[in-house]
Amino acid sequence: MKKYVITYDIGTTGIKTCLIEIENEMKILGSSSLGYGLYVDDQVGVKGGAEQNENEWWEAMCVTTKAVFEKVPYIKKEQIDGISFCSQMQGLVLVDKEGNCVRHPMSYMDQRAREELKKGIAHGVQVAGAEVSKLLKYLMYTGAVSSSVKDPIWKYKWVEAHEPEAFKRVYKWLDVKEYLICRASGEFVMTEDSAFATLLYDTRNGHQGWCKPICDMVGVDMKHLPEIKKCTEKVGEVTEKAAEELGLAAGTAVFGGGGDASLIGVGAGAVSVTDTHIYSGTSGWVGTVVDKQVVDAGAMMAAIVGADPGKYNYFGELETSNKCVEWVKNHLALDDIGVYLHDKNVADSIENININLYDYMEDVISEIPAGSNGTIFTPWLHGNRCPFEDPNAAGMFFNIKIETGKTEMIRAVVEGICFHMRWMLERQEKKIKTSKSIRFCGGGALGGVTCQILSDILQRDIEVVESPQNVGAVGAAACIAVGLGMIPSLEHVKSLIPAKKRYTPNRENKAVYDRNFKVFCNLYKSNKENFAILNG
């Protein structure tokens, strides 16, 4: 039977809301997007801080929900069979008993808790940034280790140490989508994948759930941890108050959904064991489906709990992926847009400028040879996590000469992102098998030139599904489809999401990219001390 659902893809800097028809395929009938703030450093009054405003999330959710009904007027709110979420992960949202935030949420990008990390795990004799006995205990219970300053445990401990009055009011620890579930339904829950992302989740067979030994070791009050639910499970219903604000019918089913690392691969059709996908949005990653837990503590990579029971996503993250393209758009390309719009005879409006700047960049980088004439860019605009953890790391252009132009620099940014994806992919292959054809998704996959560059740098086939920027919303819809019994499991969604475009590697570009990649990997090692001097 045909079903209509609404899904929310909650990114770092904006939400995309989709009204989706589920029958023989997942069909997006209408969508609406709205941005919100990401407040960093001086904006939040602490170095390394990265926060968001929970009311901006909710307002964006309300505005875009109403907007999709306006775009698809023949679907009424009473016809919606459920709502679900695909969201940024590893945020820290601390709420009181009424579901109100005791302080603004901390983003996954927040890296203020360096002292808490040091006191909690990065002391004594260390392996991969963690004290040995604690590392072994972590791996025994969770299969991963909380050794990154950006992990939510240390944010939680920072609030406890620095904001004791706010901490006293904490009732539950939620992640981003769990806060929105709570605001929509009044339920305090956390899906399995979000629970794992806290790194307080026991993954041992027969013991799945919150892990008391780990909580005791790091000093987390288990009363703060909510009930755990499956990603495909109905977790509540839209309340009267939320229905009025959202423009939905009261009683509409609310499903758990999943984090972006769990569902973007699902929405891209990478759901079988060894399927690999690459995502390039604000952040980016390489993820491969595996059937057992794998960890590479030295590279900050682990197999995280996925939305599909019994499967994991072996995962390596780049903090700023397509965010680098946005940066280069704003700082290197913007002054050329007037000329470009004139050449293309496009009306000079803000909307057209935003859209056509990316078209401009795609056009100009297609005219620059592979390797950007030796110019190399490092995409570490907010530190880095994998395959090395260093909040001091930063972006740089390397090997600029008097003849280097802006267009080489723009292409170098795209190549730098792709080099980092290759670095993580090759590190994954030390532990697991990855797929020969890789599904590429996120906003970065919208550009054909970018897709070809990625194919050439990886020397693999790159496949792109329809609307690659919306795969998170499709993954959230798949959770509802399983929850409603329309399909037996998330793996069955693969047949509903075929590739629409395929890019094959150009062998002629292999040598120059292999050369530049070697230099790219050397740049961090050569500049680690310099980053510490400037940013430590």
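Is threonine 17 buried or exposed? Threonine 17 is buried, its relative accessible area being 0%. The model is a predicted one, and this briefing takes up its N-terminal hairpin, a mixed sheet of 8 strands, selected helices and the aromatic pairs, of which a search of the whole structure finds 21.

**Strands 2 and 3, and threonine 17**

- Strand 2 covers residues 14–22 and includes threonine 17.
- Strand 2 runs antiparallel to strand 3 (residues 26–35), and 9 bridges join the two.
- The two strands, 2 and 3, make up a hairpin, with 3 residues between them.
- Within this pairing, cysteine 18 stands opposite serine 31 of strand 3.
- In a regular strand, side chains alternate between the two faces of the sheet.
- The side chain of threonine 17 makes a polar contact of 2.7 Å with the side chain of threonine 64.
- Leaving aside residues up to four places away in sequence, threonine 17 touches Ile6, Thr7, Tyr8, Gly30, Ser31, Ser32, Thr64, Thr65 and Val68.
- Because its relative accessible area is 0%, under the 20% limit, threonine 17 is classed as buried.

**Lysine 2**

- Lysine 2 lies in the segment before strand 1 (3–10).
- With a relative accessibility of 39%, lysine 2 counts as partly exposed.
- Residues up to four places away in sequence aside, lysine 2 touches Glu21, Ile22 and Glu23.
- A separation of 37 Å lies between the C-alpha atoms of lysine 2 and asparagine 100, which are 98 residues apart along the chain.

**Helix 3**

- Helix 3 spans residues 132–141, and its buried residues are Lys134, Leu135, Tyr138 and Tyr141.
- Viewed down the helix axis, the buried residues of helix 3 fall within an arc of 140 degrees, so they line one face of the helix.
- An α-helix has 3.6 residues a turn, so residues three or four places apart point the same way.
- Glycine 143, which follows helix 3, has a positive phi, near 75 degrees.

**Aromatic pairs and the aromatic cluster**

- The search of the whole structure yields 21 aromatic pairs.
- One of these is formed by tyrosine 156 and phenylalanine 167, an edge-to-face pair with 5.1 Å centre to centre and 75 degrees between the planes.
- This pair links distant parts of the chain, with tyrosine 156 in helix 4 (residues 152–162) and phenylalanine 167 in helix 5 (residues 164–168), 11 residues apart.
- Both tyrosine 156 and phenylalanine 167 are buried.
- The rings of tryptophan 380 and phenylalanine 531 have centres 6.3 Å apart and planes at 80 degrees, so this pair is edge-to-face.
- Here too distant parts of the chain are linked: tryptophan 380 is in the loop between strand 23 (376–378) and strand 24 (396–398), while phenylalanine 531 is in helix 17 (residues 510–535), 151 residues apart.
- Tryptophan 380 and phenylalanine 531 are both buried.
- Tryptophan 380 and phenylalanine 531 also belong to one aromatic cluster, formed by Trp380, Phe388, Phe419, Trp423, Tyr513, Phe517, Phe520, Tyr524 and Phe531.

**Helix 14**

- Helix 14 (residues 406–428) has 23 residues, which at 1.5 Å a residue should span 33 Å; its end C-alpha atoms are 34 Å apart, in agreement with that expectation.
- Most of helix 14 is covered, as 19 of its 23 residues are buried.

**The mixed sheet of 8 strands**

- An open sheet is formed by 8 strands in the order 20-21-22-19-18-25-26-27, with mixed pairing.
- Strand 20 (295–296) and strand 27 (499–503) stand at the edges with a single partner strand each, so one side of each is left without a neighbour in the sheet.
- Strand 18 (residues 276–280) and strand 25 (residues 437–441) run parallel and are joined by 3 bridges.
- Cysteine 441 in strand 25 is the bridge partner of tyrosine 279.

**Lysine 433**

- Lysine 433 is placed in the loop between helix 14 and strand 25.
- Its relative accessibility is 64%, so lysine 433 counts as exposed.
- Lysine 433 touches Thr274 and Thr288, when residues up to four places away in sequence are not counted.
- The C-alpha atoms of lysine 433 and aspartate 275 are separated by 9.0 Å, although the two residues are 158 residues apart along the chain.

How values were computed: Residues are numbered from 1 along each chain as its sequence is written. This is a predicted model: local features need pLDDT of at least 70, side-chain atom pairs count only at pLDDT 80 or more; totals for chains, interfaces and linings use all residues. Side-chain values use heavy atoms; hydrogens and water are left out. Buried means under 20% relative accessible area, exposed over 50%, partly exposed in between (1.4 Å probe, protein chains only). Helices (H or I, at least four residues) and strands (E, at least two) are DSSP runs, numbered from the N terminus. The arc is that of the directions from the helix axis to the C-beta atoms. A polar contact is a pair of N or O atoms within 3.5 Å; within protein, one must be able to donate a hydrogen and the other to accept it, and residues adjacent in sequence count only if both atoms are side-chain atoms. Contact means heavy atoms within 4.5 Å. Two strands pair if DSSP finds at least two bridges between them. The expected span of a helix is 1.5 Å times one less than its number of residues. Rings of Phe, Tyr and Trp (its six-membered ring) pair if their centres lie within 6.5 Å; planes under 30 degrees apart count as stacked, over 60 as edge-to-face and the rest as tilted.
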